Amino acid sequence: MKVRTGWSALLVTALTLAGCGSASGPGATNSGGSADRLVVWDWKSGEPSAKAYVEKAKADFARKHPDVTVEFVAQPFDQYYTLLGAAIQSGKGPDVMLFNGGGQIRDRVDALVPLDGYLAEDRGRLAGWDAFSKDGKTYAGPVTLQGHPIYYNKALYRKAGLDPAAPPGSWDEFLADCNAVTKAGADCIALGNKEGAGIQFWLSALGSATLTAQEYDDWIAGKRDWRSPHVRQIFDLWKQAGDKGLNSDGANSTAMFNDSFAHFQSGKAAHVIGLMSDVGHWKDFNEFLTPGELGVMAAPTVTTGVTPSMPFDGGIGYGVAKATKNPQVAADLVRSLTSTDALKAFFTEAGAIAADTTIDVSDGGPAVATIVAGIKTGKPALHVALSSKTLDLMGRLSQQLLSGSITVDQVVQQLAASDKTA
Amino acid sequence: MRTGSAQPPVRAAAAPRTGPVPHEPVAPRRVPGSWAERLAPFVLIAPTALVILALRLYPLLLGVNFSFTGDGERNGTAVGLDNYRELIGDPLFRTALSNVGLLVALLPIAVAIPGLLATFIYLRVPGHRLYRSVYFFPAVLSPVIIGAIFNLLLAFDGPLNAVLGGLGISPVDWLGDPDIAIFAVVGVHVWATFGMALVVFLAGFATLDPALLDAARVDGASLPRVIWHVIIPSLARTIQFVFVTTMIGMLTSMFGLLFVMTSGGPEGSTYLPEYYIWTQQGQMNRPALASAASTVLFVIMLVVGLLQVTLLQRAGKDD
């Protein structure tokens with residue numbers, strides 16, 4: 001009896017302690033790593049295509065800090081921000097962590113160290129800083145660039161009697177070409193809007209062809225005029241594309257990742273607004289359509305007189321947690337993770353457009369060459385400037401636009417209201 | 001943790017059903033025994049009680065407390081009922097709640113299907129042995145796999161629409177039409193889980209007195225009449241039990257299916273409170289708002305749980 005009581009008391013104590021530990025409130029500061037150990041969270045390091053990248057970065061860091069061990073923890077991307085949020089909240093977060101640029105990192109800057117002082121030397125070599133900045137401070141070193149080129153299938157262009165070397169320059173030409181493509185038995189646009197991400201790509205891809213340069217820059221700077229007729233027009237074109245049957249069928253129930261991309265790369269649709277890095281990008285499409293048949297076009301001009309540009313931002317980047325023991329060492333790890341050698345490996349293996357603009361991409365085919373050429377004149381993507389709350393709302397409203405249960409004016413009005421409070 | 005706080009109340013409320021707490025009648029003045037003997041019951045209960053207290057009730061209270069604080073810049077500061085006000089004002093949360101209502105309304109169908117199929121098996125329709133195992137098969141699949149399978153089947157260019165097309169019916173966007181999607185998901189959920197209820201029904205049938213059925217047959221009763229006048233009254237307790245467990249299943253375990261099949265869409269029409277909590281906590285970085293939503297879900301589950309206890313108690317009195 002006594003022995004048993006002892007055991008249960010021990011068990012109870014252990015369980016109680018475990019319970020207390022996990023329930024520490026906000027403001028706790030013990031982080032995952034210690035002074036000689038850094039814990040890195042990401043959703044990339046587990047992938048085979050990122051192996052060489054991680055190894056190169058680790059080797060670079062080991063040269064600078066041989067006494068510090070680095071542990072990579074690959075989390076599932078679906079759960080990443082849920083897990084990270086909970087870990088930060090309970091003070092058990094990692095020292096260095098991967099972020100998507102834009103809202104995901106901006107929403108969490110209160111848990112991050114401003115890195116401007118640590119990464120000053122990389123400023124010129126790397127592109128895409130804006131997506132990791134808030135109020136003039138930088139919170140992560142960019143690894144890849146993410147953007148939204150409009151890809152097209154040259155074989156389908158030929159089949160429809162169009163010149164694959166001369167993609168449409170204006171919206172009217174685009175509509176005419178779509179007509180020809182549809183007659184040839186293919187969809188004009190492969191669209192997957194189940195997650196509500198289709199509208200984000202649409203907004204960013206067509207933004208520079210619709211908004212004036214001034215409106216565009218104001219939008220990025222946070223002075224967004226939702227009453228502008230040009231802003232309204234982007235959503236109107238979205239609705240038109242749906243109403244005119246340009247999109248692949250069942251867009252609202254088609255997952256963008258990766259059903260709509262599969263639709264494009266299997267030659268069933270002539271265009272898709274894709275990505276530069278990760279998935280749904282030139283390397284994926286090259287594999288199926290061959291590099292010779294994959295084209296990248298500038299957005300067809302909607303407003304006369306504007307010059308379309310490539311929408312891109314920092315895609316993913318590593319930030320440093322405020323709770324880390326030694327921010328200098330952690331920042332050095334970020335520098336290693338964004339070193340030219342490591343990023344070159346990432347480009348070669350995963351096809352990601354690296355943030356390092358000095359990397360040579362000439363052997364990747366014409367599509368990637370067009371993309372990289374577009375980066376020089378490119379601008380931040382419009383949707384990345386919006387908060388995750390507004391993006392979530394925009395996703396749902398875009399589905400309503402496609403199903404016809406809301407008007408364009410109502411959409412713009414609701415988005416304006418959401419953007420104001422965000 | 002915040003997301004998880006939706007779970008404990010369910011289990012806590014369900015506890016009286018599965019494990020009655022030993023309630024020893026203690027005589028006020030007993031012959032004084034040893035201390036160990038008097039303490040024994042408390043020591044024996046202690047692990048369970050403390051685990052519930054430390055790992056369920058305490059986090060639950062923390063969560064409720066957390067729901068009265070702010071997010072982002074107001075992190076950690078008390079904001080009163082702001083989060084709850086925001087919830088009431090959020091059309092998405094209202095959709096989630098009304099979907100809960102819809103689930104409750106669909107409950108009779110979800111119970112009738114396994115009940116009817118179990119009846120057929122009990123009445124030994126041809127091939128009943130095969131059906132018994134086939135019906136149970138989906139219950140062993142994970143919701144993610146079921147969701148993925150039905151994503152393919154219900155896709156706009158999927159096999160189901162191809163079959164409909166062959167019959168001359170225009171294709172239906174099962175998961176893309178906001179008026180249909182929730183029914184599609186509930187339908188799949190029922191398909192995936194009715195096997196368990198079927199087994200419970202079959203167990204119930206095992207206690208049914210065959211003499212009653214024989215008597216009804218001798219009297220020349222038709223099948224619907226046999227079901228209505230003999231089977232349903234005899235299985236009243238089983239039906240009640242299935243009602244309660246199916247309801248809990250619908251309210252607490254549709255997350256996986258929703259996540260895979262619709263992600264709350266289209267147009268937010270398939271949101272359920274659980275999914276809302278997950279989105280606010282993980283995607284929108286609003287843990288405090290998510291806590292408030294968890295608290296609301298907890299209250300709903302508490303009401304459901306209490307109703308369930310009352311129902312089972314009343315059923316017990318009938319015996």
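This is a tour of a predicted model, stop by stop, with selections to make in the viewer.

**Stop 1: the two domains of chain A**

Start with chain A and colour it by domain. Domain 1 covers 31-144 together with 313-369, and domain 2 covers 150-309 together with 386-421. Each domain is therefore selected as two stretches of sequence, according to the automatic or database assignment that sets the bounds. If you place a marker at the C-alpha centre of each domain, the two markers sit 29 Å apart.

**Stop 2: where the domains meet**

Now show the residues of each domain that contact the other. On the domain 1 side of chain A there are 16 such residues, and they touch twelve residues of domain 2. The area buried between these two domains is about 1,100 Å², with carbon and sulfur atoms giving 54% of this area. Select A:G351, A:I353 and A:A367 next. These three supply 36% of what domain 1 buries against domain 2, more than any other three residues.

Keep the domain boundary in view and turn to its polar features. How many salt bridges cross between domain 1 and domain 2 of chain A? The rule finds one. To look at a salt bridge here, select A:K44 and A:D278, whose closest N and O atoms are 2.8 Å apart. Seven residue pairs, with both members at pLDDT 80 or more, make polar contacts between the two domains.

Switch to a cartoon view and select α13 (340-350) and α14 (366-375) of chain A. These are the elements that give two or more residues to the face of domain 1 that touches domain 2. The largest share of that face, four residues, comes from α13(A). Coloured by class, the residues of this face of domain 1 come out as seven nonpolar, six polar and three charged.

**Stop 3: the disulfide**

Move to A:C178 and A:C188 and show their side chains. Their sulfur atoms lie 1.9 Å apart and form a disulfide. A search of the whole structure gives one disulfide over all chains. Which hand does the bond between A:C178 and A:C188 have? The torsion about the S-S bond is about -45 degrees, so this disulfide is left-handed. Follow the backbone from one cysteine to the other: A:C178 belongs to helix α6 (residues 171-183) of chain A, and A:C188 to strand β9 (residues 187-189) of chain A, ten residues apart.

**Stop 4: a salt bridge between two strands**

Select A:R37 and A:E71. Their side chains form a salt bridge, with N to O at 2.8 Å. A:R37 is in strand β1 (residues 37-42) of chain A and A:E71 is in strand β2 (residues 69-74) of chain A, so the pair ties together parts 34 residues apart in sequence. Over all chains, the count by this rule is 23 salt bridges.

**Stop 5: chain A against chain B**

Bring chain B into view and select the residues that touch across the two chains. Chain A gives 34 residues to the contact and chain B gives 37. About 2,900 Å² is buried between chain A and chain B, and carbon and sulfur atoms account for 59% of that area. Zero salt bridges are found across this interface. Eight residue pairs, both members at pLDDT 80 or more, are in polar contact between the chains.

To see which parts of chain A take part, select α1 (2-22), α3 (77-89) and α15 (388-403). Each of these helices supplies at least two residues of the side of chain A that touches chain B. By class, that side of chain A has seven nonpolar, 18 polar and nine charged residues.

**Stop 6: backbone oddities**

Finish with the backbone. Most residues other than glycine have a negative phi, and most peptide bonds are trans.

- Select A:F257 and A:N258: the peptide bond joining them is cis, with omega about -5 degrees. A:N258 is in helix α10 (residues 256-265) of chain A.
- Select B:G265 and B:P266: the bond between them is also cis, with omega near -10 degrees. B:P266 is in the loop between α12 (255-261) and α13 (273-283) of chain B.
- Select A:D135: phi is near 50 degrees, a positive value in a residue other than glycine. A:D135 is in the loop between β4 (133-134) and β5 (137-138) of chain A.

Definitions and conventions
Residues numbered from 1 in each chain as written. Chains lettered and ligands numbered in written order. Predicted model: local features only at pLDDT ≥ 70, side-chain atom pairs only at ≥ 80, totals over all residues. Heavy atoms only, no water. Contact = heavy atoms within 4.5 Å. Buried area = accessible area lost by both parts, 1.4 Å probe. Salt bridge = Lys/Arg side-chain N within 4 Å of Asp/Glu carboxyl O. Polar contact = N/O pair within 3.5 Å; in protein donor to acceptor, adjacent residues only side chain to side chain. Nonpolar A, V, L, I, M, F, W, Y, C, P; charged D, E, K, R; others polar. Disulfide = S-S within 2.5 Å.
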